[in-house]
Amino acid sequence: MRLILLGPPGGGKGTIAKKLQKEFNIPVISTGVILREEIERKTRLGKKVQDIMSKGRLVPDEVIIEIARERIKREDCKKGYIFDGFPRNIKQAESLEKLNEELDEYIDYVFYFEIPFTKVIERLANRRVCKKCNTNYNLLFNAPQKDNICDICGGELYQRDDDKEETIKNRLKVFTKQTLLLKKYYQEKNLLTVIDANCSRNALFLEIKKILGGLQK
Ligand code: ADP
Ligand code: ZN
């Protein structure tokens with residue numbers, strides 16, 4: 001099963017991706033997580049993208065497409081995968097399609113997370129992330145049991161560089177200008193399912209699971 005989670009930043013894609021990974025035993029490919037790991041490890045790529053990401057702009061397509069290409073060819077992706085945060089514009093979507101053709105595989109579902117921007121801004125500003133296992137928390141509705149400590153692994157929580165107010169605005173602009181076009185793109189390919197993401201994580205997960213239920217035989 002191959003899935004794409006599409007939607008504005010802060011729409012809950014990362015959280016749902018992790019739940020789906022557990023449920024269906026297929027890996028999540030989050031380009032954002034991969035890039036942040038590169039920054040953390042201070043690699044050449046990390047240094048190249050750090051500034052771009054902190055400003056909320058998109059990392060160049062070639063870089064992202066190469067990351068996706070390398071990743072989906074790995075053994076653990078044979079049974080499927082969940083893309084979170086990729087593709088993010090038409091060029092990336094077209095590249096993915098070519099890559100899928102080369103590998104003789106296809107995307108089963110694209111889920112679009114529908115949620116008002118006012119909600120997104122509130123969520124992003126209150127988001128905290130575990131340094132170790134990347135689990136997301138929200139100080140408003142999903143706070144960790146102990147301040148700044150991950151419930152799952154005990155890792156330290158931090159606020160992402162791009163979750164500051166100015167950068168959030170820019171990310172939403174980029175989303176509206178580039179990523180939103182993918183809604184129509186996948187609709188025309190009959191792959192799109194729009195889901196209401198302005199609800200609890202559990203309700204959202206159940207809705208997606210119900211839709212995917214028919215696939216798991
Ligand atoms: P969010 O969905 O909350 O914005 P991500 O972790 O998906 O967070 O992305 C964080 C940043 O990483 C983006 O603002 C962008 O700079 C970079 N990035 C991640 N995925 C892509 C992509 N597919 N194309 C270009 N840049 C990306
Ligand atoms: Zn953790």
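Arginine 127 has asparagine 138 as its bridge partner in E6, in what is a predicted model. That pairing belongs to an antiparallel match of E5 with strand E6 (residues 136-138), held together by three bridges. On from there, here's a quick tour of E5, two buried residues, a pocket and a helix pair.

**Strand E5 and its partners**
- E5 and E6 make a hairpin with five residues between them.
- In the turn of that hairpin, asparagine 134 has a positive phi of about 70°.
- E5 also pairs with strand E7 (residues 157-158), again in the antiparallel sense, over two bridges.
- In that second pairing, cysteine 130 sits opposite leucine 157 of E7.
- Neither face of E5 (residues 127-130) is left uncovered: Arg127 and Val129 are buried on one side, and Arg128 and Cys130 are buried on the other.

**Isoleucine 115**
- Look for isoleucine 115 in the loop that links strand E4 (109-114) to helix H6 (117-125).
- Isoleucine 115 counts as buried because its relative accessible area is 8%, and the cut-off for buried is under 20%.
- Beyond its neighbours within four places in sequence, isoleucine 115 contacts Pro8, Gly11, Val120, Arg123, Ala197 and Asn198.
- Glycine 10 is 105 residues away from isoleucine 115 in sequence, yet the two C-alpha atoms are 9.2 Å apart in space.

**Helix H2 and glutamate 38**
- Glutamate 38 is part of helix H2 (residues 31-40).
- With a relative accessibility of 16%, glutamate 38 is classed as buried too.
- Setting aside residues up to four places away in sequence, glutamate 38 touches Thr43, Leu45 and Gly46.

**The second largest pocket**
- This pocket has a volume of about 380 Å³.
- It is lined by 16 residues, and those closest to its centre are Arg36, Ile39, Glu40, Tyr158 and Arg160.
- H2 gives the largest share of the lining, with five residues.
- Helix H3 (44-54), like H2, supplies at least two lining residues.
- Sorted by class, the lining comes out as seven charged, five nonpolar and four polar residues.

**Helices H7 and H8**
- H7 (residues 165-179) packs against H8 (residues 181-188) at an angle of about 35°, and the two axes are 5 Å apart.
- The contact brings Lys177, Gln178 and Thr179 of H7 together with Leu181, Leu182 and Lys183 of H8.
- By class, this contact is an even mix, with two nonpolar, two polar and two charged residues.

Conventions
Residues numbered from 1 in each chain as written. Chains lettered and ligands numbered in written order. Predicted model: local features only at pLDDT ≥ 70, side-chain atom pairs only at ≥ 80, totals over all residues. Heavy atoms only, no water. Axes fitted to C-alpha atoms, helices over the stretch in contact; angles between N-to-C directions. Helix = DSSP H or I, 4+ residues; strand = E, 2+ residues; numbered from the N terminus. Contact = heavy atoms within 4.5 Å. Nonpolar A, V, L, I, M, F, W, Y, C, P; charged D, E, K, R; others polar. Buried < 20%, exposed > 50% of the residue type's maximum accessible area, 1.4 Å probe, protein only. 1 Å grid on protein atoms, 1.4 Å probe; cavity = no way out; pocket = protein on both sides within 12 Å on 5 of 7 lines; lining within 4 Å. Points joined across faces, edges and corners; volume = space filled by probe spheres on them. Pairing = 2+ DSSP bridges.
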